[in-house]
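I opened a fresh page for this one and went through the usual list: turns, pockets, charges, cysteines. Here is what I looked up, in the order I got to it.

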Amino acid sequence: MGSGVTLPDTARRSLDHWSEAGRAEMEAFYALATEDYRQLAEARDWAADLRDHTLDGRIRLLDVACGSGKFPAALLRRGLPARPPVAVDLLDPSGFSLAEARAVLRTPFAAAAEHELLLQDFRAERAYDVAWATHALYALPPDQLAAGVARMVAALRPGGFGVVAQACARSHYLAFYEAYRAQFAPDVTPYTDAEGVADALGAAGVRPTIVPLHYTTGSADRGVVEGFLQRCAFDSAVSLEAMEADGPLGSYLAGCRDAEGAYTFTHVTHLMTWENR
Ligand SMILES: C[S@@+](CC[C@H](N)C(=O)[O-])C[C@H]1O[C@@H](n2cnc3c(N)ncnc32)[C@H](O)[C@@H]1O
């Protein structure tokens with residue numbers, strides 16, 4: 001992303017980690033978090049969603065905060081028809097993320113434009129048939145969420161299909177981050193939850209259909225759990241042992257651990273979909 005931009009602190013923490021230097025940590029995270037995208041890919045008939053929003057024989061898709069392309073990768077693993085073709089515009093402030101997501105795309109997806117910027121700064125009107133943001137909006141701070149979500153809604157054409165998948169307040173990512181903030185980083189901005197996104201969509205005139213997806217992830221391997229949790233906090237300096245010490249985070253993690261020390265994390269993702277008017 002260009003220099004001179006004032007970034008919110010969550011976006012700065014996020015960008016510092018969505019980088020080549022953060023690759024090992026990212027891979028540790030996805031040892032467990034790949035399940036988020038498998039769950040999403042199973043949750044709907046996405047081939048029908050794409051087919052139903054085709055215009056002039058093709059689909060123009062905006063992947064908001066594309067990260068490393070885990071959602072399109074999960075859809076491709078599950079299987080999509082080769083047609084209609086889907087021209088994918090990738091949007092992310094991280095050049096690293098854009099390159100990772102581009103490398104994942106295969107037929108029917110084909111990489112089109114890249115927008116290396118924050119969603120709040122994106123300007124496109126009625127340009128897309130489909131726009132999705134999957135586990136993508138956590139780092140939009142509360143005071144910029146409505147503006148960002150409004151940009152996404154405005155980018156869809158009338159009749160276009162919008163998708164946001166976001167964990168809700170009691171889900172692991174949010175509950176963990178609140179406990180982490182309380183214990184280690186009280187000045188850091190909270191993550192945005194699904195409830196906040198639904199409010200922002202409402203302010204943009206959208207009433208999405210919301211389907212909650214319930215599932216768990218976990219591991220008995222402390223190295224895997226540590227890598228996953230460090231990425232959840234964008235903080236690779238705090239060890240699992242330190243996280244488990246007395247305090248809000250320690251007691252949250254105690255509730256995720258069984259007698260043998262294996263971890264299970266409980267997720268509730270809200271899958272929000274709508275058609276633009
Ligand atoms: C967890 S990843 C998204 C995963 C992705 N949807 C996938 O399918 O793999 C979050 C991404 O959000 C990006 N990001 C952070 N703040 C953003 C903002 N304000 N606008 C757009 N993207 C943002 C980060 O750079 C990161 O690449």
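**Entry 1: around α8.** I started at G205, which comes just after α8 and takes a positive phi of about 85 degrees. Worth keeping in mind that this is a predicted model.

Next I asked which residues of helix α8 are buried. In this helix, running over residues 194-203, I get A194, G196, V197, A200, L201 and G202. Then I checked what covers them: α6, β5 and β7 are among the elements that do.

**Entry 2: the largest pocket.** Its volume comes out at about 220 Å³. The lining has 14 residues, and G205 turns up again, since the closest to the pocket centre are V153, G205, V206, N276 and R277. Which elements give two or more residues to this lining? I find α6 (142-155), β5 (156-167) and β7 (263-275). I had already noted α6, β5 and β7 as part of the cover over the buried residues of α8. β5 gives the most to the pocket lining, with three residues. Sorted by class, the lining residues are seven nonpolar, two polar and five charged.

**Entry 3: the largest cavity.** How many cavities of 30 Å³ or more are there in the whole structure? My search returned one. The space in the largest cavity is about 650 Å³. It is lined by 39 residues, and S14, W18, H135, A136 and Y138 are the closest to its centre.

I went through the elements too. At least two lining residues each come from α1, α2 (23-43), β1 (59-64), α4 (70-78), β4 (128-134) and α9. The largest share is that of α2, with four residues. By class I count 25 nonpolar, nine polar and five charged residues in the cavity lining.

**Entry 4: salt bridges.** A reminder to myself: side chains of opposite charge can pair when their charged atoms come close. Searching the whole structure gave me 16 salt bridges. I wrote up a few of them.

D16 with R12: the closest N and O atoms are 3.0 Å apart. Why can these two reach each other? They sit four residues apart in helix α1 (residues 9-17), so about one helical turn separates D16 and R12. The general rule is that an α-helix has 3.6 residues a turn, so residues three or four places apart point the same way. D16 is partly exposed at 45% relative accessibility, and R12 is partly exposed as well, at 40%.

E178 with R181: here the closest N and O atoms are 3.1 Å apart. This pair is three residues apart in helix α7 (residues 172-184), which again means a separation of about one helical turn. Buried or exposed, then, for R181? R181 is buried, with a relative accessible area of 15%; the cut-off for that is under 20%. Its partner E178 is partly exposed at 37%.

E244 with R222: the closest N and O atoms are 2.9 Å apart. This pair links distant parts of the chain, with the two positions 22 residues apart in numbering: E244 lies in the loop between α10 (240-243) and α11 (248-254), and R222 in helix α9 (residues 222-233). R222 is partly exposed, at 40% relative accessibility. I also noted that α9 is one of the elements supplying the cavity lining.

Last one for the charges: E20, R23, E27 and E100 are linked in a network of salt bridges.

**Entry 5: cysteines.** How many disulfides does the whole structure hold? The search finds zero. I wanted to see why, so I started from C168. Its sulfur is 14 Å from the closest cysteine sulfur, which belongs to C256, and that is too far for a bond; the cut-off is 2.5 Å. C256 is in no disulfide either, and the nearest cysteine sulfur to its own is that of C232, 10 Å away.

I checked burial as well. C168 counts as buried, at 2% relative accessibility. C256 also counts as buried, at 8%.

Terms used. Residues are numbered from 1 along each chain as its sequence is written. This is a predicted model: local features need pLDDT of at least 70, side-chain atom pairs count only at pLDDT 80 or more; totals for chains, interfaces and linings use all residues. Side-chain values use heavy atoms; hydrogens and water are left out. Buried means under 20% relative accessible area, exposed over 50%, partly exposed in between (1.4 Å probe, protein chains only). On a 1 Å grid over the protein atoms alone, a cavity is a set of points where a 1.4 Å probe fits but cannot get out, and a pocket is an open set with protein on both sides within 12 Å along at least five of seven lines; lining residues have an atom within 4 Å of a point. Grid points are joined across faces, edges and corners, and a volume is the space filled by probe spheres set on the points. Ala, Val, Leu, Ile, Met, Phe, Trp, Tyr, Cys and Pro count as nonpolar, Asp, Glu, Lys and Arg as charged, and the others, Gly among them, as polar. A salt bridge is a side-chain nitrogen of Lys or Arg within 4 Å of a carboxyl oxygen of Asp or Glu. Contact means heavy atoms within 4.5 Å.
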